[in-house]
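Biologist: Mind looking at a model with me? I have a few quick questions about it.

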Amino acid sequence: MTLHRQFSTDGKELIIAIKGKFDFSLVQEFRQAYQDIDAQQPTVLIDLREVDYLDSSALGMLLNMRKSLGKSVKAIHIINCRPEVRSILDISRFDKLFVIE
């Protein structure tokens, strides 16, 4: 499995962990991972610890998620980026739209 979704035990965080390539092949699976957000307004954590490739469609998916979720979440954090992935996010100025840790 290249995408894993899990809520924290208290329901305050939704963790979406991606492994391998984050590209267009994950578009449906990624969308389904955040579709049914609970009324608790969780913080969404996109864990890129095991992502070794990120393309423009992945950037688009992140933007679509942000637009789709709007105020139904507290925040969206992109976490555990490898340096090469972080560089792509920085060049794309995603640090202005997301919390990147």
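Modeller: Sure, starting with Asp55: beyond its neighbours within four places in sequence, Asp55 contacts Phe22, Asp23 and Phe24 (contact means heavy atoms within 4.5 Å). This is a predicted model, so local features need pLDDT of at least 70 and side-chain atom pairs pLDDT 80 or more, while totals for chains, interfaces and linings use all residues. Residues are numbered from 1 along each chain as its sequence is written, and side-chain values use heavy atoms, without hydrogens and water.

Biologist: Where is Asp55 found?

Modeller: In the loop between E3 and H2 (strands, E, at least two residues, and helices, H or I, at least four, are DSSP runs numbered from the N terminus).

Biologist: Is Asp55 buried or exposed?

Modeller: Asp55 is buried (under 20% relative accessible area; exposed is over 50%, partly exposed in between, 1.4 Å probe, protein chains only). It has no salt bridge (a Lys or Arg side-chain nitrogen within 4 Å of an Asp or Glu carboxyl oxygen). The nearest side chain of opposite charge is Lys21, 8.8 Å away (Lys and Arg count as positive, Asp and Glu as negative; His and chain ends are not counted).

Biologist: How many salt bridges does the structure hold?

Modeller: Four. One of them joins Arg5 and Asp36, with the closest N and O atoms 2.9 Å apart.

Biologist: What does the Arg5 and Asp36 pair tie together?

Modeller: Arg5 is in strand E1 and Asp36 in the loop between H1 and E3, so the pair links parts 31 residues apart in sequence.

Biologist: And what does Phe30 touch?

Modeller: Not counting residues up to four places away, its contacts include Leu3, Ile46 and Met65.
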